[in-house]
Amino acid sequence: MPEAKKVTKVAIVVSEGTFDKAMESLMIANTAASMGMEVHIFHTFFGLKLVTKTANPKAPGMYRLFTGMFKKKMLAVGVEGYPAQKKMALELGVKMYACSTSMGVMGVKQEDLDPGVIVLGAAAFLNIAADTDMQYFIG
Amino acid sequence: MDKDETLDSRGLMCPMPIVKLAKKMKELQVGKVVELIADDPGSKEDVPAWTQRTGNELVEMRQDGKIFYFYIKKKQA
């Protein structure tokens, strides 16, 4: 019998909630999931807002005003906006986590989170990340 | 090159051709061949990387100007 193929695992930490960081994390995540990899994303600090139902990230700093233009240009090459990317990620089985401390600090409640998002702390995420093959920090 | 299905991803850029290819391959039976048409210059490296990583077979790849044609056979998962 052939040896069972090992599934490659990826851990991503997102600590910023701007449009660029949001899109980077999910474009990596959705590609990895499409390659058959198992993906875990931990959302902390300003990244937490990305896993709330009302998430609508804007480009950072002065570029905030150009968010619409970025979105339009990406849509023109088939890359949909953040809410669509997030829906796709959840459909592809990407695991999303919300940092419990950030939730307390930022006043985000469990019911504000997208369905499927798991609330945990650093120890639980580190326990997951310890068994991954690749780790990304987006912040 | 014989093919069972065609996926035209012209106009789409990374990562959409790969995301759509993965979705299409899931629906396909083992042994069937998909023709993927792409004009994302990154696809020249991305598609072979995807087939290598997922264990599917890139039977043929050719380039016509700025357009790439990939023939990918679905292998046993």
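Q: At what angle do helix 1 of chain A and helix 1 of chain B pack, and how far apart are their axes?
A: In this predicted model, the two helices pack at about 30°, with axes 9 Å apart. Helices here are DSSP runs (H or I, at least four residues), and strands are E runs of at least two, numbered from the N terminus. Axes are lines fitted to C-alpha atoms over the stretch in contact, and angles run from 0 to 180 degrees between N-to-C directions.

Q: Which residues make the contact?
A: Asn30(A), Thr31(A) and Ser34(A) meet Ile18(B), Val19(B) and Ala22(B), where contact requires C-beta atoms, placed from the backbone, within 7 Å.

Q: How is the model filtered and numbered?
A: Local features need pLDDT of at least 70 and side-chain atom pairs 80 or more, while totals for chains, interfaces and linings use all residues. Residues count from 1 along each chain as its sequence is written, with chains lettered from A and ligands numbered from 1 in the order written.

Q: Which residues of helix 1 of chain A are buried?
A: Among them are Phe19(A), Ala22(A), Leu26(A) and Ala29(A), as well as the contact residues Asn30(A), Thr31(A) and Ser34(A). Buried denotes 20 or more other C-beta atoms, placed from the backbone, within 10 Å of the residue's own.

Q: Against what do the buried residues pack?
A: Their partners in chain A are strands 1, 2 and 5 and helices 2 and 3; helix 1 of chain B is also a partner.

Q: What follows helix 1 of chain A?
A: Gly36(A) does, with a positive phi near 85°.

Q: Different topic: what does Ala98(A) touch?
A: Leaving aside neighbours within four places in sequence, Ala98(A) contacts His43(A), Leu48(A), Val51(A), Met103(A), Leu113(A), Val117(A) and Val119(A).

How values were computed
A residue is buried if 20 or more other C-beta atoms lie within 10 Å of its own, exposed if 12 or fewer, and partly exposed in between; C-beta atoms are placed from the backbone. Two residues are in contact if their C-beta atoms, placed from the backbone, lie within 7 Å.
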